[in-house]
Amino acid sequence: MMRSDSSKHSSSSEPEGAEVVYLKDNVTIHPTQFASERISGRLKLIKQGASLFMTWIPYKGQATNARLSEKDRSLYTIRAVPFTDVRSIRRHTPTLGWQYIIVVLSSGLAFPPFYFYNGGVKEFLATMKQHVFIVRSLEDANVFVVNDFQNPVQFDKLTLVWGKARQPPLGSEEWATFLDSEGRVMDSKALRKRIFYGGVEHVFRREVWALLLGYHAYDSTYAERECLRYHKKLEYETIKRKWQQGISPEQAKIFPNFREMKGLIDKDVVRTDRSLSFYDGDDNPNLNVLCDILSTYCFYNFDLGYCQGMSDLLSPILFVMEDESESFWCFVALMKRLGPNFNRDQSGMRSQLFALSKLVELLDSPLHNYFKQNDCLNYFFCFRWILIQFKREFEYEKLMRLWEVLWTHYLSEHMHLYACVAILKRYHNEIMGEQMDFDTLLKFINELSGHIDLDAVLRDAEALCIFAGENGAASIPPGTPPSLPVENENSLLYSQVSTR
Amino acid sequence: MTGSSSKGGNNSYDYSFKILLIGDSGVGKSSILLSFISNSVHDLSPTVGVDFKIKMVNVGGKRLKLTIWDTAGQERFGTLMSSYYRGAHGIILVYDVTRRETFTNLSDIWAKEVELYSTNQDCIKVLIGNKVDKDSERAVSREEGMALAEEHKCSFLECSAKTRENVLQCFKELIVKILEVPSLLEKGPVIIKQQILKQKPGYQAPHNGGCCS
């Protein structure tokens with residue numbers, strides 16, 4: 001067994017039982033056309049048990065230029081990609097210039113080309129052959145297909161796009177740079193972009209979620225937000241008092257189902273996230289707060305009323321906001337976007353499932369055809385993902401990260417649909433290889449809960465969204481939820497308030 | 001990283017039955033299922049969408065594969081859930097003995113859904129009153145349950161998913177009834193045939209050191 005010497009170049013050492021079977025220095029990527037911005041590193045193939053992994057770690061302290069920070073460089077680091085995730089490797093051997101390879105993952109995404117400054121492509125492929133099953137593509141002798149037994153020649157016109165690695169969450173110092181002295185967000189697009197790539201540290205979620213959801217306007221000042229909070233609290237309490245004091249006969253005429261809905265809410269609240277310390281134990285006061293907010297919402301928007309799944313959507317909001325009225329108004333803002341998920345005629349869900357089928361058709365046509373042949377085009381197996389924004393699929397901290405990323409509406413309002421495609425693409429081989437029928441697929445998808453790699457999904461979703469471009473946007477019919485909340489409604493509200 | 005696979009274990013069986021659990025939200029459909037499948041009972045989140053569990057059982061000398069479908073209880077999801085009724089051999093209608101409205105909704109809503117969506121004419125139904133462990137809060141009498149069952153020509157049992165009292169019997173009652181109906185049994189072997197077809201080797205097992213030049 002051989003252990004890598006990590007003193008100078010590489011920042012990582014191999015875990016116990018891992019064997020480096022291939023190592024090449026000066027393997028370089030060219031992120032831009034500028035020679036000064038190339039990043040060199042060490043490429044390794046590592047065998048652990050029966051699995052083969054690839055790593056590429058850029059060298060530290062390549063102070064060749066100031067434009068590429070350490071952070072940029074680490075974006076491209078490949079820590080350990082198992083070859084089970086690799087679909088194919090394409091070899092390029094130009095007569096002039098360096099040889100390079102392009103590694104395409106089974107999700108359809110690719111890493112940037114690796115240029116072998118010191119040669120070694122042949123040796124790389126030969127080593128790989130010893131450890132994983134590869135076949136040469138019939139269409140292109142330079143393409144080596146890995147682990148693909150169904151479609152050995154499926155390699156097609158893949159455009160090389162890859163999602164950026166995630167950044168650390170937005171912290172206090174950086175958050176301050178987005179605000180002017182009075183608390184306005186100076187560049188909301190830049191803020192949304194920043195959050196899209198890394199989320200927010202938990203302590204700032206309270207402030208940031210209210211902005212992302214559109215409860216507070218980005219250009220509001222600290223004072224204006226405080227003022228809105230005050231007035232909204234009074235408004236909330238007024239609405240809450242109405243149903244608490246009992247429904248008048250007139251109201252009962254408009255809303256005959258309130259008692260029934262209230263019963264449903266009571267039933268669901270005691271079954272929502274009870275394993276979390278924030279909601280556990282008997283007589284936990286937070287359960288009463290959940291219950292009051294949902295009942296008030298039900299009264300506030302009785303066209304929609306209460307529907308199962310809403311308690312899942314409210315739970316993290318209350319956990320973050322830790323204030324009843326603030327949580328209520330953030331929930332109202334969220335429901336402006338997601339309310340159609342709960343429409344009585346299920347039109348909101350149907351249109352999203354339809355859009356999802358269009359996106360899969362565009363981005364993974366073999367999978368689409370498979371679903372078509374197997375009577376799975378209704379995409380009901382993704383129902384839970386969409387209805388409650390993956391709430392049951394991730395543990396709480398990861399879920400909050402996902403939600404704030406989706407809520408930025410950066411790149412697309414429908415990033416959640418691209419996330420669905422990203423997950424399906426990740427399991428493309430299993431779904432088709434095991435020839436899952438509708439029932440098996442439903443069970444498989446339900447049981448993915450807790451096993452989905454969030455960062456990978458976000459990265460793939462971003463890449464898929466970029467890759468799909470205009471065609472992707474055109475696949476999603478207009479009016480598919482979540483539509484953006486009406487702009488300026490809040491600022492209008494407190495311009496009235498603040499002129500008093 | 002993958003979800004747990006439903007494959008593996010001994011896959012041979014004489015018949016495969018699809019069973020559906022329906023009824024109002026919070027009556028304990030998921031709890032009855034969990035109690036039946038894993039002998040354990042704990043607090044469950046409200047079911048969103050639909051899920052199912054598989055259990056192999058031996059009844060009357062026959063090895064049976066049960067696919068038990070658990071559905072969301074809110075009526076609003078009905079239109080999407082309707083497709084899950086397709087091909088069901090048995091339907092368990094559940095109410096909560098401590099909440100009268102869950103009992104009345106069985107005739108008002110759920111029995112109608114069954115009539116509307118169930119494609120199997122001979123499909124067996126069982127009426128179940130759950131939560132008998134809360135006897136002091138009982139709001140629906142045993143006699144009322146029996147009368148409703150008679151009206152809809154189905155069997156009736158009371159059970160408690162919490163104490164597991166009568167849970168096994170509910171399923172057994174249903175299965176024995178299904179086994180008595182020849183038209184339902186015909187569907188079993190068909191499903192097995194499909195499964196065998198599907199299991200034919202679709203691809204070569206991966207092997208190391210394959211050649212590629």
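**Exercise 1. Work out how chain A is built overall, starting from its contacts.**

Step 1: take the contacts (heavy atoms within 4.5 Å) in chain A with a separation of 6 or more; residues 24 or more positions apart account for 68% of them. A quick note before going on: this is a predicted model, where local features need pLDDT of at least 70, side-chain atom pairs count only at pLDDT 80 or more, and totals for chains, interfaces and linings use all residues. Residues are numbered from 1 along each chain as its sequence is written, chains are lettered from A and ligands numbered from 1 in the order written, and side-chain values use heavy atoms, with hydrogens and water left out.

Step 2: count the elements. Chain A has 20 helices and nine strands, taken as DSSP runs numbered from the N terminus (helices: H or I, at least four residues; strands: E, at least two).

Step 3: check burial. Of the 500 residues in chain A, 55% are buried, where buried means under 20% relative accessible area, exposed over 50% and partly exposed in between (1.4 Å probe, protein chains only).

**Exercise 2. Find the largest nonpolar core and say where it lies.**

Step 1: a nonpolar core is a set of buried Ala, Val, Leu, Ile, Met, Phe, Trp, Tyr and Cys residues joined through side-chain atoms within 4.5 Å. The largest one has 150 residues, and Trp175(A), Phe371(A) and Leu424(A) are among those with the most contacts inside it.

Step 2: domain 2 (185-342) and domain 3 (347-474) of chain A both supply residues, so this core sits between them. Those bounds come from an automatic or database domain assignment.

Step 3: zoom in on Leu424(A). Setting aside neighbours within four places in sequence, its contacts include Phe371(A), Phe381(A), Cys382(A) and Ile431(A).

**Exercise 3. Sort out the cysteines: how many disulfides are there over all chains?**

Step 1: a disulfide is a pair of cysteine sulfur atoms within 2.5 Å, and the count over all chains is zero.

Step 2: for Cys376(A), the nearest cysteine sulfur is that of Cys382(A), 10 Å away. Cys376(A) is buried because its relative accessibility is 0%.

Step 3: for Cys420(A), the nearest cysteine sulfur also belongs to Cys382(A), at 5.2 Å. Cys420(A) is buried too, with a relative accessible area of 0%.

**Exercise 4. Place Thr77(A) and decide: buried or exposed?**

Step 1: Thr77(A) sits in the loop between α1 (70-75) and β4 (78-82) of chain A.

Step 2: its relative accessible area is 17%, so Thr77(A) is buried.

Step 3: beyond neighbours within four places in sequence, Thr77(A) touches Trp56(A), Ile57(A) and Pro58(A).
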